[in-house]
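Subject: A structure for you to explore

Hi there,

Here is the structure I promised to send you. Have a look around first, and then read on for what turned up in it.

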Amino acid sequence: MTELLTETLVQEPHRIRGLEMPWNRVMGSTEGPASAARALGPWHPQEFMAECVEIVPEVGGMMTFVFRRSDGAPLAFRAGQYVNVAFPVNGEDQDPADRSYSLSSAPTRPWTFDITVKRDPTGLVSPWVHQNIKPGTVLEMLGPVGAFHLPDADRRARYLLLAAGAGITPIMSMVRTIHSLPGQADVVVLYHGAADEGFAFNKELAYIASVDSRIKVFYSLGNRAKPADWEGLSGRLTAAMLDEVAPDANGRQVYACGPEGYLNTATELLGKVGVDDTSIHMEFFTGDRQTILEYQAELAHAADIAEEIAEEIAESAEDYYEGQPAAFGLYEPGYDAEGTLKATGLELESAEPEPDAPQESSDDGSSAGAEVSTPDASSFETVGTGSLTLSFMRTGINVRVDPTEHILGPAQRGGVRIGANCKEGMCGSCKVVKLSGEVEMNHQGGIRAREIDAGKFLPCCSTARTDMVIDA
């Protein structure tokens with residue numbers, strides 16, 4: 001019996017060639033029976049509400065939040081993409097803080113989805129998320145978005161996945177996806193961390209590597225001294241380390257995510273070991289790499305696409321779903337004139353006491369208070385050079401700008417206090433209201449369609465087309 005068990009353990013499965021995402025054939029299918037599965041295809045970003053159903057503590061100061069869409073529909077995305085989330089960090093009656101977080105779960109399990117958040121003690125959002133998001137919390141989201149993801153089909157499926165710190169989150173989605181799919185693949189994961197107890201998902205990664213011969217996982221402690229019982233690698237990323245874990249790196253597609261310095265180093269080293277630029281895919285949220293251009297191309301229209309789809313559904317929900325067989329109607333979200341309906345099902349009960357009720361506001365939803373008179377911008381000091389004038393009403397200053405430059409820089413130099421983090425149109429932290437004038441905005445998911453309709457814009461990724469009056 002022992003010999004039989006040993007022989008069974010070492011046998012390799014017989015697999016189909018390459019990897020193919022479950023929606024790939026459906027997306028190209030013209031047959032009626034396949035239309036039911038179209039709901040799982042990552043067709044376009046959507047604006048939706050999602051409720052937290054579980055919290056999973058991770059090591060390294062990270063925490064995974066499991067969500068499901070409030071309308072009961074699946075979230076269709078590609079492994080590596082992210083969602084933009086509106087967090088009410090300043091209260092329900094104030095503008096939310098928008099942040100983008102990679103999805104760490106696999107799209108092959110679409111009925112719930114995970115975001116994993118690393119707590120930054122000095123940050124505005126992540127401490128609030130760790131302290132306040134509980135089962136039962138409902139948040140507004142936009143997604144999926146992002147050009148950093150696995151292909152829908154790959155006959156070779158040979159990957160080198162590089163992660164540092166919180167950069168493991170989209171890489172984990174890729175690992176989980178590959179592990180869940182049939183087919184031949186050859187995957188090497190190299191995961192850098194600052195401390196031996198700080199590698200998130202390490203138990204799951206160890207399990208996957210132990211049962212799936214297609215996936216190998218290596219750890220490195222960066223520049224820290226390694227403990228006596230440490231069995232992994234140590235030191236920062238080097239060409240020698242790449243050669244050690246993946247001597248055939250130049251024959252692989254490389255996906256890397258982490259801090260900008262880490263990714264800059266990876267780009268240089270991958271070139272040294274012979275990896276072509278076309279085989280390198282990186283998760284940059286700031287910087288000047290080609291990847292950021294790919295994001296801009298895909299994300300600049302994300303909110304507009306979501307709004308268009310929502311309008312189509314609201315106008316004719318029956319037509320939108322007429323291609324689905326009756327059996328699939330179980331999963332059909334409902335819509336009325338106000339938008340998405342909450343799914344019918346078990347009541348979601350929070351494990352924590354209900355928060356205090358928000359303070360009352362006026363009937364129209366605005367805060368009660370005295371009317372404020374508008375100052376005359378003609379009396380403001382004017383700074384800067386350029387052909388257009390931006391009048392910042394709260395600051396009391398006119399800033400001259402050139403139509404080709406983003407508004408944020410000249411405004412800050414002129415003394416206007418506008419907070420900004422990513423400066424790439426993604427985080428939404430610089431959001432302000434234009435009282436008059438026109439802008440051209442190329443954002444990456446940091447602002448929603450309803451906010452644009454309300455006159456808000458992101459000065460970090462916007463240029464003025466006319467003179468403007470701005471509430472800042």
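Let's start with Glu204: is this residue buried or exposed, or something in between? Glu204 has a relative accessible area of 30%, so it counts as partly exposed, because that class covers everything between the 20% limit for buried and the 50% limit for exposed. Please keep in mind that what you are looking at is a predicted model.

Glu204 has a charged partner. It forms a salt bridge with Arg176, and the closest N and O atoms of the two are 2.6 Å apart. Glu204 sits in helix H5 (residues 202-211) and Arg176 in helix H4, so this pair ties together parts that are 28 residues apart in sequence. Unlike Glu204, which is partly exposed, Arg176 counts as buried, with a relative accessibility of 16%.

Arg176 also forms a salt bridge with Asp114, where the closest N and O atoms are 4.0 Å apart. Here, too, distant parts of the chain are linked: Arg176 belongs to helix H4 and Asp114 to strand S6 (residues 113-118), with their positions 62 residues apart. Both Arg176 and Asp114 are buried. If you add Arg109 to your selection, you can see a network of salt bridges that links Arg109, Asp114, Arg176 and Glu204.

How many salt bridges does the structure hold? There are 16. Another one to look at joins the side chains of Asp471 and Arg394, at 2.7 Å from N to O. This pair also links distant parts of the chain: Asp471 is in strand S23 (residues 468-471), while Arg394 is in the loop between strand S17 (388-392) and strand S18 (397-401), 77 residues apart. Asp471 is partly exposed, at 25% relative accessibility, and Arg394 is exposed, with a relative accessible area of 65%.

Now for the sheets. Strands of a sheet pair through backbone hydrogen bonds, in either a parallel or an antiparallel way. One open sheet here has five strands, in the order S11-S10-S9-S12-S13, and its pairing is parallel. Strand S11 (215-220) and strand S13 (280-283) stand at the edges with a single partner strand each, so one side of each has no neighbour in the sheet. From one strand to the next, the twist averages 15°. Helix H5, where you met Glu204, packs on this sheet and touches S10 and S11; the direction of H5 makes about 140° with that of S11.

Which way do the residues of strand S9 point? Arg158, Leu160, Leu162 and Ala164 point one way, Tyr159, Leu161 and Ala163 point the other way, and all are buried. That fits the count for S9 (residues 158-164), where seven of seven residues are buried.

S9 has a neighbour on each side in the strand order, S10 and S12. With strand S10 (residues 186-192), S9 pairs in the parallel sense over seven bridges, and the bridge partner of Ala163 in S10 is Tyr191. To get from S9 to S10, the chain crosses through helix H4 (residues 168-180), and this β-α-β crossover is right-handed. H4 is the helix that holds Arg176. With strand S12 (residues 253-257), S9 pairs in the parallel sense over five bridges, and Tyr159 has Gln253 as its bridge partner there.

A second open sheet has six strands, in the order S16-S18-S17-S23-S19-S21, and here the pairing is mixed. Its edge strands are S16 (381-384) and S21 (456-457), and each pairs on one side only. Strand S19 (residues 432-436) pairs with S21 in the antiparallel sense over two bridges, and Val432 stands opposite Phe457 in S21.

Finally, a view of the whole chain. It has 12 helices and 23 strands, and buried residues make up 46% of its 472 residues. Among contacts with a separation of 6 or more, 67% come from residues 24 or more positions apart. The chain exposes about 23,900 Å², and carbon and sulfur atoms supply 49% of that area.

Enjoy exploring!

Best wishes

Notes. Residues numbered from 1 in each chain as written. Predicted model: local features only at pLDDT ≥ 70, side-chain atom pairs only at ≥ 80, totals over all residues. Heavy atoms only, no water. Buried < 20%, exposed > 50% of the residue type's maximum accessible area, 1.4 Å probe, protein only. Helix = DSSP H or I, 4+ residues; strand = E, 2+ residues; numbered from the N terminus. Pairing = 2+ DSSP bridges. Right-handed = clockwise from strand over helix to strand, strands pointing away. Contact = heavy atoms within 4.5 Å. Areas by Shrake-Rupley, 256 points an atom, 1.4 Å probe, with all protein chains shown as cover. Axes fitted to C-alpha atoms, helices over the stretch in contact; angles between N-to-C directions.
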